[in-house]
Amino acid sequence: MIRRIVLLLGCVVLALPLLAQKTQLNGAGATFPYPIYSKWFSEYNKLHPDVEINYQSIGSGGGIRQVLAQTVDFGASDGPMTDEQLSQAKVKILHIPTVLGAVVPAYNVPGVSGELKFTPEVLANIFLNKITSWNDPAIAKANPGVTLPNQPIIVIHRSDGSGTTYIFTDYLSKVSKEWESAAGKGTSVKWPVGLGGKGNEGVAGQVRQLQGSIGYVELIYAVQNNIPYGSVKNAAGNFVKASLEGVTEAAASAKSMPADFRVSITNAPGKTAYPISSFTWLLVPVKGKTPKNGQIMADFLTWMVNDGQKMTTQLTYAPLPESVAEKVKVAIKQVH
């Protein structure tokens, strides 16, 4: 009996170093890419059971704050960090583009289950509180034949610092001078009207529950929650509903990708380009908290560019253009 206990204790002692070898990486930030990041981190763990990557979907603003505070191994944002924010970093931070996505106007209009069309002016004026009813003539003009109710519009926006907000307000600032001067673009802005929801999940939930509401969410959240979303008139004058093809064409409009990957592709000029499209980025310090953490981060990023991209379309994200993927592979070499 004593010998068996000794043997068991010996096995436990031998196993302890194996348990101790498990490495955790922690990240936080954007809700926009959360579905694909969850998939990637799970798949990477299957390949590397000794590595666990934890990710908190807290919004881009929170991701930027945490990576600057060095409380996480990496952050995530749909709005690029500003020069001022980057200057606060104790270690150089890279913007690593991961996928492309679309922000869509999602709505809950009684009696309207089909696709509504939105012009840039209508979207800007709804969020400026200048169009306040669903049967407004400007909405009706873009939607001939649709019976629109005399129903007040309830605007839903993000309450947290959000890259999805950055993308949407970047777009509105390009198409409306009045919006640009009244609120501008940013991960957080002073909204002229509306109720706040936390995360893409929160906005989608409120739109689903409140009749007469409209909000902006990443495409996958509208699809998963079965919420109608409209087509948007693009810079070429065509109404385009969000699709992988439309997002890809918007990305193709970025003829020259800046070396730091901080680029805006909203209101792109292509004929079928979806106008509220964007890259989303992982915010990666070039030097890991430990050499091992840095090595794992670099290995994950390489896997993400080579293998993870094949998983994007099933979750309604567009993969990186090949030209961008090649530049990302070069940038990853800085991570250690």
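Here is a friendly set of questions and answers about this predicted model.

Me: What makes the eight strands one sheet, and in which order do they come?
Reply: Two strands count as paired if there are at least two bridges between them. Eight strands are linked into an open sheet of mixed pairing, in the order β2-β1-β3-β11-β4-β8-β6-β7. Neighbouring strands in this sheet are turned by 25° against each other on average, direction ignored.

Me: Why are β2 and β7 called edge strands?
Reply: Each of them, β2 (51–57) and β7 (195–197), pairs on one side only.

Me: How do you know that β1 and β3 are paired, and in which sense?
Reply: The cut-off is at least two bridges. Strand β1 (residues 23–29) and strand β3 (residues 74–77) have three bridges, in the parallel sense. For an example you can look up, A28 has G75 in β3 as its bridge partner.

Me: What makes the pairing of the sheet mixed?
Reply: Strands of a sheet can pair either parallel or antiparallel, through backbone hydrogen bonds. Look at the two sides of β8: β4 and β8 pair in the antiparallel sense over six bridges, whereas β6 and β8 pair in the parallel sense over three bridges. On the β4 side, the bridge partner of V104 is V217 in β8. On the β6 side, V155 stands opposite I214 in β8.

Me: Why is β8 called largely enclosed by the rest of the structure?
Reply: A residue is buried when its relative accessible area is under 20%. Six of the six residues of β8 are buried, so the strand is largely enclosed. Both faces are covered: S213, G215 and V217 are buried on one side, and I214, Y216 and E218 on the other.

Me: Which residues of helix α9 are called buried, and what do they pack against?
Reply: In helix α9 (residues 199–209), the buried residues are G199, N200, V203, A204, G205 and V207. They pack against β4, β6 (154–158), α7 (163–175), β7, β8 (213–218) and α10 (219–224).

Me: What makes up the largest nonpolar core?
Reply: Its members are buried nonpolar residues joined through side-chain atoms within 4.5 Å. The largest such core has 105 residues, and I126, F279, L282, F300 and L301 have the most contacts inside it. Strand β4 (residues 93–108) gives the most to this core, with 10 residues.

Me: Which residues is L301 in contact with, beyond its neighbours in sequence?
Reply: Contact means heavy atoms within 4.5 Å. Leaving aside neighbours within four places in sequence, L301 touches I96, L282, V284, I332 and V335.

Me: Where does helix α12 lie?
Reply: Helix α12 (residues 291–306) lies across β1, β2, β3, β4 and β11 (277–285), and runs at about 65° to β1.

Me: What lines the largest pocket?
Reply: The largest pocket has a volume of about 230 Å³. Its lining has 18 residues, of which Q70, P285, K287, G288 and K289 lie nearest the centre. The elements giving two or more residues to this lining are α3 (60–69), β11 and α12. The largest share, three residues, comes from α12.

Me: How do you know that β9 and β10 pair?
Reply: At least two bridges are needed, and two bridges join strand β9 (residues 231–233) to β10, running antiparallel. In β10, V240 is the bridge partner of V232. These strands belong to an open sheet of three strands, in the order β5-β9-β10. Its edge strands are β5 (117–118) and β10 (239–240).

Technical notes: Residues are numbered from 1 along each chain as its sequence is written. This is a predicted model: local features need pLDDT of at least 70, side-chain atom pairs count only at pLDDT 80 or more; totals for chains, interfaces and linings use all residues. Side-chain values use heavy atoms; hydrogens and water are left out. Buried means under 20% relative accessible area, exposed over 50%, partly exposed in between (1.4 Å probe, protein chains only). Helices (H or I, at least four residues) and strands (E, at least two) are DSSP runs, numbered from the N terminus. Axes are lines fitted to C-alpha atoms, for helices over the stretch in contact, and angles run from 0 to 180 degrees between N-to-C directions. On a 1 Å grid over the protein atoms alone, a cavity is a set of points where a 1.4 Å probe fits but cannot get out, and a pocket is an open set with protein on both sides within 12 Å along at least five of seven lines; lining residues have an atom within 4 Å of a point. Grid points are joined across faces, edges and corners, and a volume is the space filled by probe spheres set on the points.
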